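User: I'm new to this one, so I'd like to ask how the labels are earned. Could you show me the structure before we start?

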Amino acid sequence: MSPARRTDPVVNGPASIPVAEGEEPWTQEELTEIREELTGEVARLERAIAVAQAGLEDLFSDGSEGAGRDAADVGSTNFERDQEMSLAQNAREMLEQAQLALRLFDSGDYGSCESCGRPIGKDRLQVFPRATLCMDCKKREERR
């Protein structure tokens with residue numbers, strides 16, 4: 001990290017996070033709120049992953065085959081396991097996004113699109129603090 005980079009935008013002031021054209025600059029309160037939301041989201045997702053992992057361990061330890069288990073029970077267990085694995089994977093991806101956004105926030109790089117470098121936009125970040133792409137780049141990504 002270069003010496004010119006800020007390590008804590010909340011301490012260094014609202015000017016550290018870019019805004020889109022026509023938007024008001026970030027206030028200290030808004031920055032504090034965004035950082036608290038990101039740290040809360042990281043903690044919530046870590047708990048959700050731990051719960052999902054424990055549920056998966058229970059499902060795997062129960063086994064899906066064995067004497068006395070009919071095909072419907074096995075199918076139901078497999079479906080539950082697939083659902084839990086999907087939810088856990090989704091939570092892991094969201095956790096990675098939240099952790100990245102928090103690292104960018106703390107390094108002073110938060111608020112700039114990781115694709116084009118333009119401001120993501122205050123309105124977008126207040127609704128979706130994990131965003132790392134501006135709306136134009138996100139739309140382009142979703143079309144692919």
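User: What makes the pairing of the side chains of D106 and R35 a salt bridge?

Analyst: First, a bit of background: this is a predicted model, where local features need pLDDT of at least 70 and side-chain atom pairs count only at pLDDT 80 or more, while totals for chains, interfaces and linings use all residues. Residues are numbered from 1 along each chain as its sequence is written, and side-chain values use heavy atoms, with hydrogens and water left out. Now, a salt bridge needs a side-chain nitrogen of Lys or Arg within 4 Å of a carboxyl oxygen of Asp or Glu. For D106 and R35 the N to O distance is 2.8 Å, so the pair fits that definition.

User: Why is that pair said to tie parts together?

Analyst: D106 sits in helix α3 and R35 in helix α2, so the bridge joins parts 71 residues apart in sequence. (Helices are DSSP runs of H or I, at least four residues, numbered from the N terminus.)

User: Why is D106 called partly exposed, and not buried?

Analyst: Buried means under 20% relative accessible area, exposed means over 50%, and partly exposed is in between, using a 1.4 Å probe and protein chains only. D106 has 21%, so partly exposed is the label.

User: And what label does E41 get?

Analyst: E41 is at 17% relative accessibility, so it counts as buried. E41 also forms a salt bridge with R130, with the closest N and O atoms 3.0 Å apart. E41 is in helix α2 and R130 in the loop between α4 (122–127) and α5 (135–143), 89 residues apart. R130 counts as buried too, because its relative accessibility is 14%.

User: How do you know that E23 has no salt bridge?

Analyst: The nearest side chain of opposite charge, K122, is 7.1 Å away. (Lys and Arg count as positive, Asp and Glu as negative; His and the chain ends are not counted.) So that distance fails the salt-bridge cut-off. E23 is buried all the same, and a polar atom of its side chain lies 3.2 Å from the backbone nitrogen of D123.

User: What makes the meeting of the side chains of S107 and D109 a polar contact?

Analyst: The term asks for a pair of N or O atoms within 3.5 Å; within protein, one must be able to donate a hydrogen and the other to accept it, and residues adjacent in sequence count only if both atoms are side-chain atoms. The two side chains are 3.0 Å apart, so the pair qualifies. S107 itself is found in helix α3 (residues 71–107).

Conventions:
Helix = DSSP H or I, 4+ residues; strand = E, 2+ residues; numbered from the N terminus.
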